Amino acid sequence: MQSTELDPTLSQTLDAAGKAGYKLVIGNKNYSSWSMRPWVLMKAFGIPFEEVRVSLGRPETSSLIARHTSAGRVPVLVAGETTVWDSLAICEYLAEQFPDKGMWPQEVTARAMARSICAEMHSGFTGVRSAMWMNIKASFPGKGRTTEAQNDIARICEIWDDCLARSGPHHFLFGDFSIADAYYAPVVMRFRTYGVWLPPALQAYVDRVVAHPAVARWIHEALEEKETLEKYDVYPD
């Protein structure tokens, strides 16, 4: 007879998520790179949550976000009585809540490296952020190639190259999909939008990220959005 019992790990996840009542407040999927990270992570690791999407750049945006946090920015994770309002902090919080899911690499050195590259992304790469904003629907090939952005692209490629050399050329940055891949997923979106040329091994990594079910779903839903932000839809000459 076929068993109808839930997988124990899934059952524990559903139970924990149900008790916490996870709610993830995000911005537009087409533009909000910070929102993409925890959303993709939660989908990739099967953590149920209620999505609250706030359209950015509207007169009511600030007041809607203020219902969930006084920080004034998305994403925000509401977990019962706990509110976490920073994308990296959200990822760390979830990794602690579900340690058996292996959101970080298990090996100590790899885990330290994964945290380091996520922290570097979190606090740096201002050249890419300012000159190559995320717009999944758009196509701006060759745009945004400031000196600062070019330096950031080179550094990102160096990071990916190093990680893939350690994990294997046909895997994600640390073998299985992890927080690190979720964290660099918006960079993958930017590289596609701006037509950044990559060596074959790194382009293959980009293709694997795009094909991941959680990322593919985000992209699909971004393309379905009707709201627009005019200042991000046209690249100035």
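**Entry 1: the largest pocket**

I began with the largest pocket, where 22 residues form the lining, and Ser32, Ser33, Trp34, Leu56 and Val74 lie nearest the centre. I then asked which elements give two or more residues to this lining, and found α2, α6 (126-131) and α11. I recorded about 660 Å³ of space in this pocket. By residue class, I noted eleven nonpolar, six polar and five charged residues in the lining. I add here that the model is predicted.

**Entry 2: a cis peptide bond**

I looked next at Val74, one of the residues nearest the centre of the largest pocket. I found that the peptide bond from Val74 to Pro75 is cis, and I noted its omega as near 5°. I placed Pro75 in the loop between α3 (61-66) and β3 (76-79). For context, I recall that most peptide bonds are trans.

**Entry 3: salt bridges**

How many salt bridges does a search of the whole structure find? I recorded nine. Side chains of opposite charge can pair when their charged atoms come close.

I took up the pair Lys29 and Glu51, whose side chains form a salt bridge at 2.6 Å, N to O. Lys29 is in the loop between β1 (23-26) and α2 (33-44) and Glu51 is in strand β2 (residues 50-53), so this salt bridge ties together parts 22 residues apart in sequence. Are the two partners buried or partly exposed? I found Lys29 buried, at a relative accessible area of 3%, and Glu51 partly exposed, at 33%.

I then examined Arg53 and Glu227, which form a salt bridge with the closest N and O atoms 3.0 Å apart. This pair links distant parts of the chain, for Glu227 is in the loop between α10 (213-224) and α11 (230-233) while Arg53 is in strand β2, 174 residues apart. I noted both as partly exposed: Glu227 has a relative accessibility of 23%, and Arg53 has a relative accessible area of 33%.

My next pair was Glu92 and Arg115, with a salt bridge of 2.9 Å, N to O. It links helix α4 (residues 87-97), which holds Glu92, to helix α5 (residues 108-123), which holds Arg115, and the two residues are 23 apart along the chain. I recorded Arg115 as partly exposed at 34% relative accessibility, and Glu92 as partly exposed at 22%.

I also looked for salt bridges that share partners, and found one network that joins Lys29, Glu51, Arg217 and Glu221.

**Entry 4: a buried arginine without a salt bridge**

I turned to Arg208, in helix α9 (residues 200-211). Which side chain of opposite charge is nearest to Arg208? I found Asp207, at 7.7 Å. A salt bridge requires a nitrogen-to-oxygen distance within 4 Å; Arg208 is buried yet has no salt bridge. Leaving aside neighbours within four places in sequence, I listed the contacts of Arg208 as Leu164, Pro169, His170, His171 and Phe172.

**Entry 5: residues of helix α5 and the loop after it**

I returned to helix α5 to look up Cys118, which lies in this helix. I found Cys118 buried, at 0% relative accessibility. Beyond residues up to four places away in sequence, Cys118 touches Leu88, Trp104, Ile179, Ala180 and Tyr183. I also noted a separation of 28 Å between the C-alpha atoms of Cys118 and Thr61, which are 57 residues apart along the chain.

Glu120 is also found in helix α5. I recorded Glu120 as partly exposed, with a relative accessible area of 27%. The C-alpha atoms of Glu120 and Ser70 are separated by 25 Å, and the two residues are 50 apart along the chain. Which residues does Glu120 touch, not counting those up to four places away in sequence? I found Phe125, Arg155 and Ile159.

I followed the contact to Phe125, which is in the loop between α5 and α6. Phe125 is buried, at a relative accessible area of 7%. I noted its phi as near 55°, a positive value in a residue other than glycine. I set beside this the general pattern that most residues other than glycine have a negative phi.

Notes:
Residues are numbered from 1 along each chain as its sequence is written. This is a predicted model: local features need pLDDT of at least 70, side-chain atom pairs count only at pLDDT 80 or more; totals for chains, interfaces and linings use all residues. Side-chain values use heavy atoms; hydrogens and water are left out. Helices (H or I, at least four residues) and strands (E, at least two) are DSSP runs, numbered from the N terminus. Buried means under 20% relative accessible area, exposed over 50%, partly exposed in between (1.4 Å probe, protein chains only). Lys and Arg count as positive and Asp and Glu as negative; His and the chain ends are not counted. Contact means heavy atoms within 4.5 Å. On a 1 Å grid over the protein atoms alone, a cavity is a set of points where a 1.4 Å probe fits but cannot get out, and a pocket is an open set with protein on both sides within 12 Å along at least five of seven lines; lining residues have an atom within 4 Å of a point. Grid points are joined across faces, edges and corners, and a volume is the space filled by probe spheres set on the points. Ala, Val, Leu, Ile, Met, Phe, Trp, Tyr, Cys and Pro count as nonpolar, Asp, Glu, Lys and Arg as charged, and the others, Gly among them, as polar.
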